[in-house]
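The exercises below concern charged side chains and the strands that carry them. Each task is followed by a worked solution.

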Amino acid sequence: DDRYNLFKLEERNVTDTHYFEELDLFISRLAGEIDKKEVLKWQKSLKKSLHEDAKKAKFRLLIDLRGFDPKNEEVHEMWLKALMGSREIEKQCIKIAFVHHDSKKMFEMLAHKDDEKSFFDDIDDAFSWFKKEVNV
């Protein structure tokens with residue numbers, strides 16, 4: 001569904017988060033050659049959206065990492081800690097999907113954490129996963 005596909009793949013250094021009330025879904029994108037400053041910008045965008053846009057105590061989250069290219073391992077670890085260290089996500093997120101060019105790698109990194117995560121190579125498959133639950 002094109003209305004959810006806000007980000008063009010050719011865009012570089014994208015660090016935005018948007019909320020879609022009909023799916024009770026946040027879509028957060030981190031793409032491009034990302035450094036520490038951009039991870040902080042992304043984290044701020046995500047936190048701001050979670051605080052301002054969430055109408056309910058629980059929500060769903062899609063993390064779109066297509067084209068994510070951390071400048072180094074430190075930046076990659078910083079991103080992961082920012083995501084997994086978020087109190088809002090830990091306490092309020094009921095389902096989370098990751099879209100990444102290597103979903104198997106994401107699965108290996110994060111699947112052991114809980115059962116409410118799914119990993120996709122294709123963003124449309126991720127949307128279908130959410131839409132089934134809310135019957136949209």
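In this predicted model, salt bridges link Arg29, Asp64 and Arg66 in a network. The exercises start from this network and then turn to the strands around it.

**Exercise 1.** Determine which contacts make up the network of Arg29, Asp64 and Arg66.

*Solution.*
Step 1. Apply the cut-off: a side-chain nitrogen of Lys or Arg must lie within 4 Å of a carboxyl oxygen of Asp or Glu.
Step 2. Asp64 and Arg29 meet in a salt bridge at 3.5 Å, N to O. This pair links distant parts of the chain, since Asp64 belongs to strand E4 and Arg29 to strand E2, 35 residues apart.
Step 3. Asp64 also forms a salt bridge with Arg66, and here the closest N and O atoms are 2.6 Å apart.
Step 4. Asp64 takes part in the bridge to Arg29 and in the bridge to Arg66.

**Exercise 2.** Decide whether Asp64, Arg29 and Arg66 are buried or exposed.

*Solution.*
Step 1. A residue is buried under 20% relative accessible area and exposed over 50%.
Step 2. Asp64 has 0% relative accessibility, so Asp64 counts as buried.
Step 3. Arg29 is also at 0% and therefore counts as buried.
Step 4. Arg66, at 11%, counts as buried because of the cut-off.

**Exercise 3.** Describe strand E2, its side chains and its pairing with E1 and E4.

*Solution.*
Step 1. Of the 5 residues of E2, 5 are buried.
Step 2. In a regular strand, side chains alternate between the two faces of the sheet.
Step 3. From E2, Leu25, Ile27 and Arg29 point one way, while Phe26 and Ser28 point the other way.
Step 4. E1 and E2 run antiparallel and are joined by 4 bridges; Tyr19 stands opposite Phe26.
Step 5. E2 and E4 run parallel, with 5 bridges between them. The bridge partner of Phe26 in E4 is Leu61.

**Exercise 4.** Find what the salt bridge of Asp24 and Arg60 ties together.

*Solution.*
Step 1. A search of the whole structure gives 4 salt bridges. One of them joins the side chains of Asp24 and Arg60 at 3.9 Å, N to O.
Step 2. Asp24 lies in the loop between E1 (17-20) and E2 (25-29), and Arg60 lies in E4 (residues 59-64), so the pair ties together parts 36 residues apart in sequence.
Step 3. Both Asp24 and Arg60 are buried.
Step 4. The hairpin of E1 and E2 has 4 residues between the strands, and Asp24 takes a positive phi near 50° there.

Methods:
Residues are numbered from 1 along each chain as its sequence is written. This is a predicted model: local features need pLDDT of at least 70, side-chain atom pairs count only at pLDDT 80 or more; totals for chains, interfaces and linings use all residues. Side-chain values use heavy atoms; hydrogens and water are left out. Helices (H or I, at least four residues) and strands (E, at least two) are DSSP runs, numbered from the N terminus. Buried means under 20% relative accessible area, exposed over 50%, partly exposed in between (1.4 Å probe, protein chains only). Two strands pair if DSSP finds at least two bridges between them.
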